[in-house]
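Let's walk through this one together, a piece at a time. Have the viewer open and follow along.

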Amino acid sequence: SVPVVWESDPKRMQGGDNYTVVHPDSDRNTQYKLICDVSGNHALLNDLIQQSSIGGEIILAGFYDQPLAFDFAPAFMRETKLRVAAEWKPQDLVAVIELINNDRLNLDGLISHHQEATQAAAAYRTAFEDASCLKMILDWRKH
């Protein structure tokens with residue numbers, strides 16, 4: 001099925017190559033079988049549980065800098081499964097390259113920022129603090 005992407009920052013809502021991008025407040029679907037959260041927003045878990053179907057699964061794949069907590073009763077009523085994503089493995093990269101080569105995954109527009117490796121400190125600040133930064137490339141070619 002086609003994914004639905006939640007985005008609350010209007011600057012990051014364009015794109016949506018073969019998928020829908022919506023503001024979380026405008027999504028009325030409460031029957032998602034699979035939700036993959038990559039936001040890193042620790043406060044979203046209860047909202048995600050409310051959007052999941054009975055037996056639905058939530059994959060936590062963001063960088064959460066604060067503890068996660070959720071109300072037990074709604075998760076219990078839905079029999080929600082929680083899973084934590086692992087770090088990438090070499091076989092994951094092989095699978096992504098295969099998807100790209102078979103025109104099943106389009107990464108156009110994903111890399112929004114580039115920085116020289118000598119500017120790594122500024123690059124990391126941008127990557128973690130600037131909402132317009134989707135992905136940052138550190139250029140090591142001159143080093």
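Contact, as the word is used here, means heavy atoms within 4.5 Å. Keep in mind too that this is a predicted model.

With that cut-off in hand, start at Ile35. Setting aside its neighbours within four places in sequence, Ile35 is in contact with Leu48, Gln51, Ser52, Glu57, Ile58 and Ile59. To see where those partners sit, let's look at the strands and the helix.

Strand E3 covers residues 32-37 and strand E4 covers residues 52-60; the two run parallel and are joined by 5 bridges. One pair to click on is Asp37, whose bridge partner in E4 is Leu60. How does the chain get from E3 to E4? The path goes through helix H1, residues 45-51, and this β-α-β crossover is right-handed.

Now add the next strand. E4 also pairs with E5, again in the parallel sense, over 4 bridges. Here you can pick out Ile59, whose bridge partner in E5 is Arg83. Put together, 3 strands make an open sheet in the order E3-E4-E5, with parallel pairing. E3 and E5 (81-84) are the edge strands, each pairing on one side only. On average, neighbouring strands of this sheet are turned by 15° against each other, direction ignored. As for what holds such an arrangement together, strands of a sheet pair through backbone hydrogen bonds, either parallel or antiparallel.

Next, the side chains. Which residues make up the largest nonpolar core? There are 10 of them: Tyr32, Ile35, Leu44, Leu45, Leu48, Ile49, Ile58, Leu60, Tyr64 and Ala75. So our starting residue, Ile35, is in the list, and Leu48 and Ile58, two of its contacts, are there as well. E3, H1 and E4 each supply at least two residues of this core, and the largest share, 3 residues, comes from H1.

Finally, the cysteines. A disulfide is a covalent bond between the sulfur atoms of two cysteines. How many disulfides does a search of the whole structure find? The count is 0. The cut-off for a disulfide is sulfur atoms within 2.5 Å, and for Cys36 the nearest cysteine sulfur, that of Cys133, is 19 Å away, so Cys36 is in no disulfide. Seen from the other end, Cys133 is in no disulfide either, with the sulfur of Cys36 as its nearest at 19 Å. Their surroundings can be told apart too: Cys36 is partly exposed, with a relative accessible area of 49%, whereas Cys133 is buried, at 4%.

Notes
Residues numbered from 1 in each chain as written. Predicted model: local features only at pLDDT ≥ 70, side-chain atom pairs only at ≥ 80, totals over all residues. Heavy atoms only, no water. Pairing = 2+ DSSP bridges. Right-handed = clockwise from strand over helix to strand, strands pointing away. Core = buried A, V, L, I, M, F, W, Y, C linked by side-chain atoms within 4.5 Å. Buried < 20%, exposed > 50% of the residue type's maximum accessible area, 1.4 Å probe, protein only. Axes fitted to C-alpha atoms, helices over the stretch in contact; angles between N-to-C directions.
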